[in-house]
Amino acid sequence: QDWIVHGMPVVFWISGFYFTQSFLTGALQNYARKYLIPIDHLGFQFNVTDRDHSMPASPVDGVYIKGLYMEGARWDWLKRVIGESFPKVLYDSLPIIWLKPGEKSSFKE
């Protein structure tokens, strides 16, 4: 009901989807249709943002997701890399991640 009244969210709670693969395929399809590129030439690049709850606006291409967790590790907010977990902390949430579609051939290895 919220999507009908307020439109699609800026950040999607990916843990709430039953079939996550269909959501990701839909994001690629939107990009493929917008730029007239075959979907089998597309993939995702990832950008971990510095925010944990909300973003000011939707990205031009791709989607923002939240709701991912790490087990036995944590996200180091200062260094912006995966770090050692804190003592007695098994799970740690990740910040919002921007899934950026693009042509696989243009991605750096």
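Let's start at Arg 80, which counts as partly exposed at 38% relative accessibility. This is a predicted model, and Arg 80 has its place in the loop between strand 5 and strand 6. The chain around this residue is built from two helices and eight strands, and the points below take you through its overall build, its aromatic rings and a handful of individual residues.

**The chain as a whole**

- If you read along the sequence, the elements follow the pattern α-β-α-β-β-β-β-β-β-β.
- The C-alpha trace spans about 50 × 40 × 25 Å along its principal axes.
- Of the 109 residues in the chain, 32% are buried.
- Take the contacts between residues at least 6 apart in sequence: 68% of these join residues at least 24 apart.
- About 8000 Å² of the chain is exposed, and carbon and sulfur atoms supply 57% of that area.
- The chain carries 11 positive and 11 negative charges, and the mean positions of these two sets are 3 Å apart.

**Aromatic rings**

- Searching the whole structure turns up six aromatic pairs.
- One of the pairs is formed by Trp 3 and Phe 12, with an edge-to-face arrangement, 5.7 Å centre to centre and 75° between the planes. That angle is over 60 degrees, and therefore the pair counts as edge-to-face.
- The two partners differ in their cover: Phe 12 is buried because its relative accessibility is 6%, under the 20% limit, whereas Trp 3, at 44%, counts as partly exposed.
- Trp 3 and Phe 12 also belong to one aromatic cluster, together with Phe 17 and Phe 23.
- Another aromatic pair brings together Tyr 64 and Trp 98; this one is tilted, with 6.1 Å centre to centre and 55° between the planes.
- Tyr 64 lies in strand 3 (residues 63-66) and Trp 98 in strand 8 (residues 97-103), so this pair ties together parts that are 34 residues apart in sequence.
- Tyr 64 is buried, with a relative accessible area of 10%, while Trp 98 is partly exposed at 23%.
- Trp 98 has a charged companion too: the charged end of Lys 100 sits over the ring of Trp 98, 5.0 Å from its centre.

**Ile 14, in a loop before helix 2**

- You will find Ile 14 in the loop between strand 1 (11-13) and helix 2 (20-35).
- Ile 14 counts as buried, at 9% relative accessibility.
- Setting aside neighbours within four places in sequence, Ile 14 is in contact with Thr 20, Phe 23, Leu 24, Ile 65, Lys 66 and Leu 68. One of these partners, Phe 23, is also a member of the aromatic cluster with Trp 3, Phe 12 and Phe 17.
- Ile 14 and Asp 61 are 47 residues apart in sequence, and their C-alpha atoms are 17 Å apart in space.

**Asp 76 and Arg 80, around strands 5 and 6**

- Asp 76 is found in strand 5 (residues 73-76).
- Asp 76 is buried, with a relative accessible area of 11%.
- Apart from neighbours within four places in sequence, Asp 76 is in contact with Val 81 and Gly 83.
- Back at Arg 80, phi is near 60°, a positive value in a residue other than glycine.
- For background, most residues other than glycine have a negative phi.

**Lys 88 and Leu 90, between strands 6 and 7**

- Lys 88 has its place in the loop between strand 6 and strand 7, and its phi is near 65°, again a positive value in a residue other than glycine.
- Lys 88 counts as exposed because its relative accessible area is 89%, over the 50% limit.
- Leu 90 is found in the loop between strand 6 (81-84) and strand 7 (91-93).
- Leu 90 is partly exposed, with a relative accessible area of 45%.
- Leaving out neighbours within four places in sequence, Leu 90 is in contact with Met 70, Glu 71 and Gly 72.
- Leu 90 and Gly 72 are 18 residues apart along the chain, and 5.1 Å separates their C-alpha atoms.

Technical notes
Residues numbered from 1 in each chain as written. Predicted model: local features only at pLDDT ≥ 70, side-chain atom pairs only at ≥ 80, totals over all residues. Heavy atoms only, no water. Helix = DSSP H or I, 4+ residues; strand = E, 2+ residues; numbered from the N terminus. Buried < 20%, exposed > 50% of the residue type's maximum accessible area, 1.4 Å probe, protein only. Contact = heavy atoms within 4.5 Å. Areas by Shrake-Rupley, 256 points an atom, 1.4 Å probe, with all protein chains shown as cover. Lys, Arg positive; Asp, Glu negative; His and termini not counted. Charge placed at Lys NZ, Arg CZ, Asp CG, Glu CD. Phe/Tyr/Trp six-rings, centres within 6.5 Å; stacked < 30°, edge-to-face > 60°. Lys NZ or Arg CZ within 6 Å of the ring centre and 35° of its normal.
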